[in-house]
Amino acid sequence: MPTTPATGLVVSNNLAQATFTLPAATQPRLVQIWLPHNCPIDVIDLTADAAWEPATPGTQRRWVHYGSSISHCEEAATPIEVWPVAVARTLGLDIYNLGLS
């Protein structure tokens, strides 16, 4: 899945607002938002300039991974660099990582 970095990021009083501009599309598409894995997050609002639709169930097999701090990978630079995600992507699996630290 291609990645799109934030096109606008505003930080004020320890609150951050990220803006993403995606290329135009004629068909609905799946958008995944990977939140930081090494700090608490409160999602306050998600908005879009088009109607939201629930994702259709995928055909990928899902790997539910439950593990320790080694699986949580708190020191990884980004949430997609943790080893369970790397393995899942290599094997074509949909990952649900429950690693705790």
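Reader: Which residue's side chain meets that of Asp-94 in a salt bridge?
Author: This is a predicted model, and in it the structure holds one salt bridge. The N to O distance is 2.8 Å, and the cut-off for such a pair is 4 Å. Asp-94 sits in strand β4, its partner in strand β3, 32 residues apart. The partner of Asp-94 is Arg-62.

Reader: Is Arg-62 buried or exposed?
Author: Anything over 50% relative accessible area counts as exposed, while under 20% is buried. Asp-94, at 23%, falls in between, so it is partly exposed. Arg-62 has 56% relative accessibility, so this residue counts as exposed.

Reader: Okay, aromatics next. How is the pair formed by Trp-63 and Trp-83 classed?
Author: A search of the whole structure finds one aromatic pair. Trp-63 and Trp-83 are 6.3 Å apart, centre to centre, with 50 degrees between the planes. Under 30 degrees would be stacked and over 60 edge-to-face, with the rest in a third class. At 50 degrees, the pair is therefore tilted.

Reader: And how many residues apart are Trp-63 and Trp-83?
Author: The pair links distant parts of the chain. Trp-63 belongs to strand β3, whereas Trp-83 is in helix α2, residues 83-91. Along the chain, the separation is 20 residues.

Reader: What relative accessible area does Trp-83 have?
Author: Partly exposed is the range between 20% and 50%. Trp-63 fits there with 22%. Trp-83 is partly exposed too, because its relative accessible area is 37%.

Reader: What separates the C-alpha atoms of Gly-92 and Trp-63?
Author: Gly-92 is in the loop between α2 and β4, and it counts as partly exposed at 35% relative accessibility. Gly-92 and Trp-63 are 29 residues apart along the chain. Their C-alpha atoms are separated by 10.0 Å.

Reader: Which residue of the largest nonpolar core touches Trp-34, Trp-63 and His-65?
Author: The largest nonpolar core has seven residues, including Cys-73, Val-82 and Leu-93. Val-85 and Ala-88 are also core members, and both are touched by the residue in question, as is Pro-84. That residue is Ile-95.

Reader: What about nonpolar side chains on the outside: how much accessible area does the patch with Val-43 have together?
Author: Val-43 is in the loop between β2 and β3 and counts as exposed at 53% relative accessibility. Its patch on the surface also takes in Phe-20, Leu-22, Val-31, Ile-33, Leu-35, Ile-41, Leu-46 and Trp-52. Together, the accessible area is about 870 Å².

Methods:
Residues are numbered from 1 along each chain as its sequence is written. This is a predicted model: local features need pLDDT of at least 70, side-chain atom pairs count only at pLDDT 80 or more; totals for chains, interfaces and linings use all residues. Side-chain values use heavy atoms; hydrogens and water are left out. Patches are made of residues with over 30% relative accessible area and no salt bridge: like charges are joined within 9 Å, nonpolar side chains (Val, Leu, Ile, Met, Phe, Trp, Tyr) within 5 Å. Accessible areas come from the Shrake-Rupley method with a 1.4 Å probe; for residues, only the protein chains shown count as cover. Helices (H or I, at least four residues) and strands (E, at least two) are DSSP runs, numbered from the N terminus. Buried means under 20% relative accessible area, exposed over 50%, partly exposed in between (1.4 Å probe, protein chains only). Rings of Phe, Tyr and Trp (its six-membered ring) pair if their centres lie within 6.5 Å; planes under 30 degrees apart count as stacked, over 60 as edge-to-face and the rest as tilted. A nonpolar core is a set of buried Ala, Val, Leu, Ile, Met, Phe, Trp, Tyr and Cys residues joined through side-chain atoms within 4.5 Å. Contact means heavy atoms within 4.5 Å. Lists of a residue's contacts leave out its neighbours within four places in sequence.
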